[in-house]
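I opened this model to look up how its interior is packed and how its strands are arranged. My notes follow in the order in which I looked.

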Amino acid sequence: QDIDDDQFVIDSSTTVSVDTTNQLTIQGEKSEPGAIPPNGTVNSTVTVNVSDNDGVSTVLLNLTVFGFGNVEMVRVSGDIYNGTYERNVSVNGSYHGIYSLDIIANDTATNVKYGSVTLTLNYPPEINGTDSTPASIVPGAVYEIYANVSDKDGLSDISSVTVNLTQIGGSATAQMYDDGTNGDANANDGVYTINGTLGEIMWGTYNLTVVANDNYSAYAERNVTFTVGNLPPIIISTNSTPMPVGKNRNVTITAEVHDNNTYTDIKNVTLDLTAQGVGVVEMYDDGTNGDANANDGVYTYTFKITLPDGNYTFNITAMDKFGASTNATVNVTVSGSPEIKDGAVSPENVKNGTNVTFTVVVYDPDGLDDIANVTLNLTQIGGSESAEMTNKTTESCGAVSYTHLRAHETSLHLVC
């Protein structure tokens, strides 16, 4: 207790003058371990460094609070001018809390210096068990995590229980409850609870760390196993364009696919073109082969439809890396294909060098403007494999006439 700038009081009956040119210094006060569980008699070592130009005579540790009074500390290194002093403190477990212990240093010139060290006597909390339900949870479902926590100093000594949910998209210090709210069944029973809805996450087993803290900064940790089950991919929609499509025209099939276990869980998306004589083909979501945008979940496949007019259903399968799959269908209507209604050649019997007229009647339900071209294979008589029949005059084949027979029909004449 300071009386004035020139005096220290050791006790109520003794006053010592201070030599201001030879001040004692006390530094590095500490106790090890910092937090001691009071389970019967426990030991702590108090350490302090004391220096003085006149030389240190005694260093005392005040253990009056534990019924021992002032006890002398032992120099374990250095000398009387600068040394490290220690004292082992043996404390009965009936004490609990944070204690500030005075350190009194005396030098050979009768100067006195005071310091202090903090000694914490406390049971750390214990996590006796953890669990999560359901045993295997899928994205979009509600989960609960439990921790059974106790403290020999009483549940009131527990300041918080948290769980690290960063692996499943949550907070690193998500608070758990033992107050009958937020999914907790019974208040103050030591069972701490947290619940939530699982977001999109890869399937697998996760080890989440639960931490219980008490009022004296002691803590306990324990993992809880959190198992995420696998869900098959979802085929949100399918489409074919154009619709309808003409025979021998290109048709593009798309399928929008999602996976709650994250997009990376999708192994492949396939289209069954067995009816086309092709078999099963893989669809694309990499920005190639007609796919508009890579990795947007829209899978694409483009092919030439060779089936006759009619309505067709093709199967699409989305499979994930776990082997789970989902099927959907896409409808394709083949219609509006041009038809060759009739054909003739005149004269039927000719000699070399004689002009021949080939006539075909073509029909298109979408109108004559929809006809891209009409070709004739003349390779058997020494001509082109795809001689185009048009209403234009060509030097090599002579005059071509173009006559409407009736709506959406035309007669094309090629003289060659």
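I began with Met176 and listed what it touches, leaving aside residues up to four places away in sequence: the partners are Ile145, Tyr146, Ala147, Val161, Thr162, Val163, Tyr192, Thr193, Ile194 and Val210. I keep in mind throughout that this is a predicted model.

Next I looked up the core to which Met176 belongs. Met176 is among the residues with the most contacts inside the largest nonpolar core, together with Ile145, Leu165, Ile168, Leu208 and Phe226, and that core has 25 residues. I then checked which strands feed this core, and found that β14 (142-150), β15 (158-163), β17 (191-197), β18 (204-214) and β19 (219-228) each supply at least two of its residues. I also noted a second, separate core of 24 residues, which includes Val269, Leu271, Val281 and Phe314.

Phe314 led me to the aromatic rings. My search of the whole structure gave 6 aromatic pairs. One of them joins Phe303 and Phe314 edge-to-face, with 6.2 Å centre to centre and 80° between the planes. Because Phe303 lies in strand β24 and Phe314 in strand β25, this pair ties together parts that are 11 residues apart in sequence. I asked whether these two residues are buried or exposed; Phe303 is buried, and Phe314 is buried as well. Following the ring pairs further, I found that they link Phe303 and Phe314 with Tyr284 and Tyr301 into a cluster.

I then took up the sheet that contains β25. It is an open sheet of 4 strands in the order β23-β22-β25-β26, and its pairing is antiparallel. Its edge strands are β23 (279-282) and β26 (325-334), each of which pairs on one side only. From one strand to the next, I note an average twist of 25°.

Within this sheet I looked more closely at β25 (residues 310-320) and β26, which run antiparallel and are joined by 10 bridges. I wrote down two bridge partners in β26: Ala328 for Ile316, and Thr333 for Asn311. The hairpin of β25 and β26 has 4 residues between the strands, and in this hairpin Gly323 takes a positive phi near 95°.

From there I turned to the sheet that contains β24, the strand of Phe303. Here I found an open sheet of 3 strands, ordered β20-β21-β24, again with antiparallel pairing. Which strands stand at its edges? They are β20 (234-241) and β24 (298-304), and each has a single partner strand, so one side of each is left without a neighbour in the sheet. The twist in this sheet averages 15° from one strand to the next. Strand β21 (residues 250-258) is joined to β24 by 7 bridges, and the two run antiparallel. As one position to look at in this pair, I noted that Ala255 stands opposite Tyr299 in β24.

I closed by looking up the totals. The protein has 0 helices and 32 strands. Of its 416 residues, 38% are buried. When I took contacts between residues at least 6 apart in sequence, 59% of them join residues at least 24 apart. The protein exposes about 21700 Å², and carbon and sulfur atoms supply 45% of that area.

How values were computed
Residues are numbered from 1 along each chain as its sequence is written. This is a predicted model: local features need pLDDT of at least 70, side-chain atom pairs count only at pLDDT 80 or more; totals for chains, interfaces and linings use all residues. Side-chain values use heavy atoms; hydrogens and water are left out. Buried means under 20% relative accessible area, exposed over 50%, partly exposed in between (1.4 Å probe, protein chains only). Contact means heavy atoms within 4.5 Å. Accessible areas come from the Shrake-Rupley method with a 1.4 Å probe; for residues, only the protein chains shown count as cover. Two strands pair if DSSP finds at least two bridges between them. Axes are lines fitted to C-alpha atoms, for helices over the stretch in contact, and angles run from 0 to 180 degrees between N-to-C directions. A nonpolar core is a set of buried Ala, Val, Leu, Ile, Met, Phe, Trp, Tyr and Cys residues joined through side-chain atoms within 4.5 Å. Rings of Phe, Tyr and Trp (its six-membered ring) pair if their centres lie within 6.5 Å; planes under 30 degrees apart count as stacked, over 60 as edge-to-face and the rest as tilted.
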